[in-house]
Protein chains: 2
Amino acid sequence: MPDKVLVYSRFPKAQLTRFGERYEILNAAGQRPDEAFAAGDLADIRAMIAAGGAPLGGEVMDTLPNLGAIVCYGTGYDGIDLAAAAQRGIAVGHSPGANAASVADIAVTLMLAAVRRLPVADNYVRSGDWAGRKPSPMMRPQAGMRGRKVGVYGMGEIGRKIAARVAAFETEIGYFSRTRYDDLPYHYLPSLAALADWCSVLMIAVRAGADNVNAVDADILRRLGSDGFVVNIARGSVIDEPALVAALTDGTIAGAGLDVFTKEPHAPDALTALPKVVLAPHLGGHTLESHVAMQDCVLANLEAFFAGRPLAYPVAARSN
Amino acid sequence: MPDKVLVYSRFPKAQLTRFGERYEILNAAGQRPDEAFAAGDLADIRAMIAAGGAPLGGEVMDTLPNLGAIVCYGTGYDGIDLAAAAQRGIAVGHSPGANAASVADIAVTLMLAAVRRLPVADNYVRSGDWAGRKPSPMMRPQAGMRGRKVGVYGMGEIGRKIAARVAAFETEIGYFSRTRYDDLPYHYLPSLAALADWCSVLMIAVRAGADNVNAVDADILRRLGSDGFVVNIARGSVIDEPALVAALTDGTIAGAGLDVFTKEPHAPDALTALPKVVLAPHLGGHTLESHVAMQDCVLANLEAFFAGRPLAYPVAARSN
């Protein structure tokens, strides 16, 4: 008999195929386990697969009396109440770095598309306005990337990959993170405010947590300046979204590139109405190769757990 | 009295300001000089500023009996009949490398946006389809950049800057150009066909000329394969545009990013209807810093010419 694994969050079916080949899957698909399944079905479930960003507190854990492991599909685990898990002796694992290249790629894609106004440009061609030589104030030359100071907030695996990519665009790279890394060739700034003063493009790559909710607020955005851009591929919680809308609307900053939002899958109408933002539906890690890598981590975690070993990729103390 | 300079092509007014501070400008704005001005006004004009991509043959040169220099605003000079200019003793100058960083940035922007389907993603969020959890087949995970083989066609200044940027995305870089450069850390392929066989993303960075009209044709596109992308920031003439439309429509390749077209400012309806292409209105070099750099080159060329010296940036024999 294969071990039983509960899938807590809603995932596209194709992403669960490999788990189903190995385990008996009970797919709650975003419902509470005790609403999706009878208590008898849940009694012998010892492991659960979850998306790390969705809230998962003690009351959900308690629907599975024998739960021993929560395995996050992806690098994030900010939705998991780690204290509640620890109290119950539940190990929490994730997929560190598995999607870092794909997420860093989207960060740079959003940065370039925002700075060079790609969606506006694409629409200018598609609409026939270019062919009609219709003037477009949005298409006037703007400052590009060369010589820009780009600030990376958070220097974990994704932050490092963002920095390595952006440096190739003839920019200067600075960063702020909890830890200063002497092995990195980038300029260290001692606070987020100092980073925002220094740079004109702020790339948010910090691991989201209770201590950085709304960390990028009206003050930080003002420090970026009217030629400033903010790019967020971390979590919507790190930006004060109403402050961002206000800063974009009144020209406090020049633009933004956003893969994440406060209340996904909803992006505020005030954002979707703005041509100076570039939007993506949280697809940072959403490539074939990163899904395979994330699934590898999930399977390695489950295999270790059911073999009685420590998780292969436990969530670690924060360092970025 | 300031020297008189004729502006042949149509440029936004803001791009001519610095020239007007130094010279007396006669702006033909895209008309034939002898249609825009009386013959008497043209008799003492010795220098002309032109966009390098627009046709400029001997019959136009002959409207200015004392023309001694054609100075191209930008790196390209493919529209200039160099033989006709040489016959008439007219020097031709351009702005080499001035916009290379900006153009390379757009090449990478288009590459990333095409591979990660950014316009589709942006529209998926903006339209409310994401919020409505409306399934989108276009948003299924695709192969990303990591591990891809990216081929650069043309290894001049722009090609080198493209290669340096794309290498930071954990890709392999190959190139084909007339010259093999032993100082470059990239894989050399002996022909465009061999390059297309080897890579899945083809970046066109070759200087356009009579010898590469329609060089990227149905055969080359077929070699890229169904996961293949083509990005063109050079000139529309280098791609067989109907073959590209066909290859995109029938799935021979996966997508394209285009900043240039055969008949600008017109992009074929068959292209603008396709969501798998990303389009831009020839804005590669269109940043504030690259306009300043291009204007610097134009002014340096004019100053040298009027001082009786050789042009500061004459068009050179092709090497890429």
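**Two domains, two copies, one two-fold axis**

The domain assignment splits chain A into domain 1 (4-98 + 288-306) and domain 2 (100-279). Keep in mind as you look around that this is a predicted model. Taken over C-alpha atoms, the centres of domain 1 and domain 2 of chain A are 32 Å apart. Where these two domains touch, domain 1 of chain A puts in six residues and domain 2 of chain A puts in six residues. On the domain 1 side of that contact you'll find one nonpolar, four polar and one charged residue.

Let's zoom out to the whole chain for a moment. Chain A counts 13 helices and 12 strands. Along the principal axes, its C-alpha atoms fill a box of roughly 65 × 50 × 30 Å. How does the radius of gyration of chain A sit against that of a compact globule? For 320 residues such a globule would come out near 20 Å, and chain A has 21 Å, so the two agree.

Now for the sheets, starting in chain A. Seven strands make up an open sheet here, with parallel pairing and the order S8-S7-S6-S9-S10-S11-S12. Strand S8 (187-188) and S12 of chain A are the edges, each pairing on one side only. Further in, strand S6 (residues 149-153) and strand S9 (residues 201-204) of chain A run parallel and are joined by four bridges. If you want a spot to click on, Val150(A) sits opposite Val201(A) in S9(A). Helix H8 of chain A lies across S6, strand S7 (172-176) and S9 of chain A, and runs at about 165 degrees to S7(A).

For the other sheet, hop over to chain B. Five strands form an open sheet there, again with parallel pairing, in the order S2-S1-S3-S4-S5. Its edge strands are strand S2 (24-27) and strand S5 (91-93) of chain B, each with a partner on one side only. Ignoring direction, neighbouring strands of this sheet are turned by 25 degrees against each other on average. Strand S3 (residues 47-51) and strand S4 (residues 69-73) of chain B pair in the parallel sense over five bridges, and Ala47(B) stands opposite Ala69(B) in S4(B). Helix H13 (residues 288-306) of chain B lies across strand S1 (4-7), S3, S4 and S5 of chain B, at about 170 degrees to S4(B).

That leaves the way the two chains meet. The contact draws 47 residues from chain A and 47 residues from chain B. Which elements of chain A each supply at least two residues to the side that touches chain B? They are helix H6 (100-115), helix H7 (118-126), helix H8 (157-167), strand S12 (277-279) and helix H13 (288-306). H6(A) gives the most, with eight residues. By residue type, the side of chain A that touches chain B divides into 27 nonpolar, 11 polar and nine charged.

How are the two copies related? A turn of 180 degrees with a shift of 0.0 Å along the axis lays chain A on chain B with an RMSD of 0.1 Å. The copies are therefore related as by a two-fold rotation axis. The same surface serves both of them, as 100% of the contact residues of chain A recur in chain B.

Key:
Residues are numbered from 1 along each chain as its sequence is written. Chains are lettered from A and ligands numbered from 1 in the order in which they are written. This is a predicted model: local features need pLDDT of at least 70, side-chain atom pairs count only at pLDDT 80 or more; totals for chains, interfaces and linings use all residues. Two residues are in contact if their C-beta atoms, placed from the backbone, lie within 7 Å. Ala, Val, Leu, Ile, Met, Phe, Trp, Tyr, Cys and Pro count as nonpolar, Asp, Glu, Lys and Arg as charged, and the others, Gly among them, as polar. Copies are superposed by least squares on the C-alpha atoms of residues with pLDDT of at least 70 in both. Domain bounds come from an automatic or database domain assignment. Two strands pair if DSSP finds at least two bridges between them. Axes are lines fitted to C-alpha atoms, for helices over the stretch in contact, and angles run from 0 to 180 degrees between N-to-C directions. The radius of gyration is taken over C-alpha atoms; the globule rule is 2.2 Å times the number of residues to the power 0.38.
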